[in-house]
Amino acid sequence: MTKSALTTISVKPLPEDTHSCWSCGSMRAAHFCGSCGKVQPPAPVDYFTFFGLPPKLNLDVAALEKDFYELSRRLHPDLNATAGSEEQQWSLEQSSMLNDAYRTLRDPIKRTGYLLHLEGVALEEQSKSATEQARATGEIKKQIVPADLLEEVFELNLELEELRMNRNMGEDDPALVAEIGKQKLALESKHEALLDELRKCWAAWDSLIDRSQAGSAEERAQVTGKMVDVLNRRNYIRNLVRDVNAALES
């Protein structure tokens with residue numbers, strides 16, 4: 001697990017930043033001055049760097065949480081209410097980024113998506129919001145059916161349509177409901193198996209980062225491409241299970 005380097009970085013400048021504290025002139029810290037404690041202007045950094053972490057996917061979440069609460073106490077706007085207006089604004093901006101960074105990095109799936117974003121890689125849109133937008137606009141939602149699920153999804157959609165027709169006519173087919181329930185359990189099992197597959201991707205990525213050159217562009221693209229494939233399949237199955245639950249509960 002990668003532990004946070006906040007304890008170290010809180011009393012040293014960011015690697016790219018050699019500016020002095022605006023208030024006392026000492027070498028400034030990443031978020032506040034180690035000498036006078038004044039909040040510093042926010043630095044344009046990514047969420048990993050904000051917490052003094054390398055861009056790795058296996059993190060010590062307990063250490064991350066500890067650093068989050070420590071920074072919250074130092075940066076909270078209420079604690080800087082008597083400071084000058086500029087420092088109050090910096091406190092607000094730092095606190096906002098702190099919250100966003102923590103929410104993203106503590107969740108392994110969000111953390112993966114964020115790292116892919118930093119690498120310039122986009123995931124296919126399979127979200128619930130995309131479904132709602134498609135319904136509102138009348139546009140066809142972008143759906144990427146994983147190749148290994150094509151036949152299974154086709155059969156399941158036929159069964160779901162039959163279930164909806166039966167319900168509309170006030171009829172019920174216990175055997176059909178039982179079969180759909182079995183398929184839902186199989187999909188949930190595949191969803192969990194994909195998490196194990198994703199963990200292997202995290203290990204492969206972290207291994208690249210541990211190298212002095214962080215891997216070649218080709219190696220990085222290979223690992224991120226695998227992560228994208230796994231996440232897209234996982235998201236598709238998650239949303240399919242959601243649709244199945246909606247049909248069974250209607």
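**Helix packing and buried residues in a predicted model**

Me: In this predicted model, which hand does the crossing of H7 and H9 have?
Reply: H7 and H9 cross with a definite hand. In this predicted model, that hand is left-handed.

Me: Is H7 roughly parallel or roughly antiparallel to H9?
Reply: The two axes come within 10 Å and cross at roughly 20°. Angles under 35 degrees count as roughly parallel. H7 is therefore placed, relative to H9, as roughly parallel.

Me: Which residues of H9 make the contact with H7?
Reply: H7 brings Val153, Leu156, Leu160, Leu163, Arg164 and Arg167. On the H9 side, the contact is made by Tyr236, Leu240, Val244, Ala247 and Leu248.

Me: How many helices does the protein have?
Reply: The elements run α-α-α-α-α-α-α-α-α from the N terminus on. Strands number 0. The helix count is 9.

Me: What share of contacts joins residues at least 24 apart?
Reply: The protein has 250 residues, and buried ones make up 40% of them. Take the contacts between residues at least 6 apart in sequence. The share joining residues at least 24 apart is 63%.

Me: How far apart are the end C-alpha atoms of H4?
Reply: H4 covers residues 85-106. Its 22 residues, at 1.5 Å a residue, should span 32 Å. The model agrees with that, because the end C-alpha atoms of H4 are apart by 31 Å.

Me: Which helices are among those covering the buried residues of H4?
Reply: The buried residues of H4 include Trp90, Gln94, Leu98, Tyr102 and Leu105. Their cover includes H2 (47-50), H3 (61-75) and H5 (108-118). So among the covering helices are H2, H3 and H5.

Me: Is Gln94 buried or exposed?
Reply: Gln94 sits in H4. Beyond four places in sequence, Gln94 touches Ala30, His31, Val39, Gln40, Pro41, Pro42, Phe50 and Leu75. Its relative accessibility is 2%. Buried means under 20%, so Gln94 counts as buried.

Me: Is H3 roughly parallel or roughly antiparallel to H4?
Reply: H3 and H4 pack with axes 10 Å apart, at an angle of about 165°. Angles over 145 degrees count as roughly antiparallel. H3 is therefore, relative to H4, roughly antiparallel.

Me: Which residues of H3 make the contact with H4?
Reply: The crossing of H3 and H4 is left-handed. From H4 come Ser91, Gln94, Ser95, Leu98, Asn99, Tyr102, Leu105 and Arg106. From H3 come Val61, Leu64, Glu65, Phe68, Leu71, Ser72 and Leu75.

Me: Which residues have the most contacts inside the largest nonpolar core?
Reply: This core has 50 residues. Elements giving two or more residues to the core are H2, H3, H4, H5, H7 (150-168), H8 (174-210) and H9 (217-249). The residues with the most contacts inside the core are Phe51, Leu105, Trp205 and Met227.

Me: What does Leu105 contact, beyond four places in sequence?
Reply: Leu105 is among the buried residues of H4. Its contacts at that separation are Tyr47, Phe48, Phe51, Leu53, Leu59, Leu64 and Arg111.

Me: Is Leu57 buried or exposed?
Reply: Leu57 lies in the loop between H2 and H3. Leaving aside neighbours within four places, its contacts are Arg111, Thr112, Leu115, Trp202, Trp205, Asp206 and Met227. Its relative accessibility is 0%. Leu57 therefore counts as buried.

Me: How far apart in space are Leu57 and Ile209?
Reply: In sequence, Leu57 and Ile209 are 152 residues apart. In space, C-alpha to C-alpha, the distance is 9.9 Å.

Me: Is H5 roughly parallel or oblique to H9?
Reply: Ile109, Thr112, Leu115 and Leu116 in H5 meet Thr224, Met227, Val228, Leu231 and Arg234 in H9. The crossing is left-handed. The axes are 11 Å apart, and the angle is about 135°. That makes H5, relative to H9, oblique.

Me: Is Ser26 buried or partly exposed?
Reply: Ser26 is in the loop between H1 (6-9) and H2. Beyond four places in sequence, Ser26 contacts Ser20, Cys21, Cys33 and Ser35. Its relative accessible area is 24%. Buried means under 20%, so Ser26 is partly exposed.

Conventions. Residues numbered from 1 in each chain as written. Predicted model: local features only at pLDDT ≥ 70, side-chain atom pairs only at ≥ 80, totals over all residues. Heavy atoms only, no water. Helix = DSSP H or I, 4+ residues; strand = E, 2+ residues; numbered from the N terminus. Buried < 20%, exposed > 50% of the residue type's maximum accessible area, 1.4 Å probe, protein only. Contact = heavy atoms within 4.5 Å. Expected span 1.5 Å × (residues − 1). Core = buried A, V, L, I, M, F, W, Y, C linked by side-chain atoms within 4.5 Å. Axes fitted to C-alpha atoms, helices over the stretch in contact; angles between N-to-C directions. Parallel < 35°, antiparallel > 145°, perpendicular 65-115°, else oblique. Left-handed = near helix turned anticlockwise from the far one by under 90°.
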